Amino acid sequence: MESLPSLIRRVSVLEVDGFDSSEEHGDTKRTGDAAAVESGEAKILHSVSISMPPSPIGATKTPRSSKFKDKRFDSFKTWSGRCEKQISSARSKQRQLQQEESDGSDHNNNEMESISVDRYYDALEGPELDTLKASEEGVLLPEDRTWPFLLRFTIGSFGMCLGVSSQAILWKALATAPSTEFLHVSLDVNLVLWFISVALFCIIASIYALKTILYFEAVRREYYHPVRVNFFFAPWIVVLFLGLGVPPSVTENLPSSLWYVFMAPIFCLELKIYGQWMSGGQRRLSKVANPSNHLSIVGNFVGALLGATMGLREGPIFFFAIGLAHYMVLFVTLYQRLPTNETLPKELHPVFFLFVAAPSVASMAWAKIQGSFGDGAKSVRINFFRGFKFSLAWWAYTFPMTGAAVATIRYSSVVTNTLTKSLAVILSAAASLTVTFLLVTTIIHAFVLGDLYPNDIAIAICERRPKSHRLWNNTASDTSSDANQIDMYLKYADTKDVER
C-alpha cells in the first residue's frame, strides 16, 4: 500500500459515524458489517480524509476583482455607455415627476444628451475653455484620481502634426527654390522630416482612433465643444501637408485621384460646420467665433494648393472660392467681436497667428492656380511666448509662421532681391527654431514632468447647472414674486383710499 502524506490518512467506513444515509438501520447494518469483516466474507471499503489547517478567526471571503473596478468611467465607454443610456432612458419614464421636483438628483439620465454651447461657456473658462469655473460644484468623472490616458488625450494633439509636417514643406521649399540656392540645403532634411511627420501622425491618429472606439462619448463631447470642434479639421490638413511635402525621392507626382480622397472629409465637415454658422441657431458664427475657427477655413486653401500642384484646376478653384468667401466673413466677425469681449488670455495669443495662416496659404494657392503672386508674409512677435504656462495651443503658432515663411520663399523666387531673400531666411529660421523649441518642450512635459495631458475637465461637465444655483434662483424668484404681490396690494390699498 502506498504511503499517504501526513495530512491524509486512510479510514474505514466503519469508523465514520453516520456514513450510511439510513439512520434507522444504521446500528443493524454496522453490526452486520462488523460480523462479515470478522468472518472475512466482506471487503472493507475505505475513504480518504483530508485534514486542512484551520482558517484564521475573523477571516473574510476575498471579494471578486470586479468589485474593485472603478465604474465611474463607464458612462464614457462606448458599449457601457450605450447600455447605461438604454437603462436610464427606461427608468426615466418612471422618475420623470420626481426629476421635475429635484433636477439635480440624477445626472445619469442627462449626461448623454447633447450639451449646448451656452453650457460650455457657463461652466468653463480659460483660453481653450478647459478650466472649470468656481461656481460649478463638480464634474461627471472623479477629480480625486488621474483619468485613463485616452480620456485625457485631446483632439488638439494633432496640432503637433501640423507643426512638424509644415516643416517638411518648408525645407523642401528651401532646397528647391531658386532664390535659396545659396543656402545649399539638402533634400535629405526634407526626407527625414517627412518620415518623422508620417510616424508622428500615425501614432497620434492611432491613439485617437482607439479613443473613438473605446470612449466615443468623450469624442462626441469634444465635437460639441465650441473651440475643439475646429481641430477636427487638423488630421485632414496634416494629410494635405504630407502630400505637399512629399520628397522627390519618394515620388515626383502624386495621383490626381488622391486629391479627391483627401478633400472629401474636409468637404463633409465644412457642410456641417458652415451650415451651423449660417443656420442662426445656438452654434451660429457670431456666437462661437474664435481664432481657432481659421482651422476650418485654411483647409480649403491647402487643398487648393495641393490640387494646383497636381495639375488640377476646377476643383482647386472651387475650394479656393469657398475658403475666400468664408474667410472674409470670419475675419470681419472676429474683428468686430473680439474688442467687445474681455482681453484674450496670454495662453491663447499664439492662436492669433492663425490670422496669418489663411492668407499665406491662399497666396501660394493663387500663385499656382492663376500665375500671379501676392505676398502673405507677416512679421513675428516672439515675445508672445514669454510669461505664461506651456500649452498645446502653442503649436498653433508654428503652422502660421511656417506658412508665412514658405510664402515668402515663393515670393522671393518671383521678386528676387536682397530684401526678399533675407526675409525668407529670417522667417524660415524663426519657424524652424520655434518648432524645435516646442517639440523639445512637449517631450519634456510629456515624459519628464508628466503634465502634458491633465484630466480633461471640458468633456466631463454636467449637462445642467449645479443644483445650488437652481435653488438660489428659485429662492430669488420666490422673493421677487412676494415683492410683486406686496406692490400690487399697496397699489390696491392706495386706490381704495383715493376712492374714499
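User: In this predicted model, which residues of H7 meet which residues of H8?

Analyst: On the H7 side they're Tyr208, Lys211, Thr212 and Leu214, and they meet Phe216, Ala218, Val219 and Glu222 in H8. Sorted by class, that contact has five nonpolar, one polar and two charged residues.

User: Why is H7 called roughly perpendicular to H8?

Analyst: It comes down to the crossing angle. The axes of H7 (residues 187-214) and H8 (residues 216-224) come within 5 Å and cross at roughly 110 degrees. Angles of 65 to 115 degrees count as roughly perpendicular, so H7 is roughly perpendicular to H8.

User: What makes the largest cavity a cavity, and what lines it?

Analyst: A 1.4 Å probe fits at its points but cannot get out, so by that rule it's a cavity. The largest cavity has a volume of about 100 Å³. It's lined by 13 residues, with Ile169, Phe241, Val361, Met364 and Gly403 closest to its centre. H15 gives the most to this lining, with five residues.

User: Why is Gly403 in that lining counted as polar?

Analyst: Gly isn't on the nonpolar or charged list, and the others count as polar, so Gly403 goes there. By class, the lining of the largest cavity has nine nonpolar, three polar and one charged residues.

User: And the second largest pocket: which helix gives the most to its lining?

Analyst: That's H6, with four residues. The pocket has a volume of about 470 Å³ and is lined by 22 residues, with Lys172, Leu244, Thr309, Lys368 and Arg410 nearest its centre.

How values were computed:
Residues are numbered from 1 along each chain as its sequence is written. This is a predicted model: local features need pLDDT of at least 70, side-chain atom pairs count only at pLDDT 80 or more; totals for chains, interfaces and linings use all residues. Side-chain values use heavy atoms; hydrogens and water are left out. Axes are lines fitted to C-alpha atoms, for helices over the stretch in contact, and angles run from 0 to 180 degrees between N-to-C directions. Helices (H or I, at least four residues) and strands (E, at least two) are DSSP runs, numbered from the N terminus. Angles under 35 degrees count as roughly parallel, over 145 as roughly antiparallel, 65 to 115 as roughly perpendicular and the rest as oblique. Contact means heavy atoms within 4.5 Å. On a 1 Å grid over the protein atoms alone, a cavity is a set of points where a 1.4 Å probe fits but cannot get out, and a pocket is an open set with protein on both sides within 12 Å along at least five of seven lines; lining residues have an atom within 4 Å of a point. Grid points are joined across faces, edges and corners, and a volume is the space filled by probe spheres set on the points.
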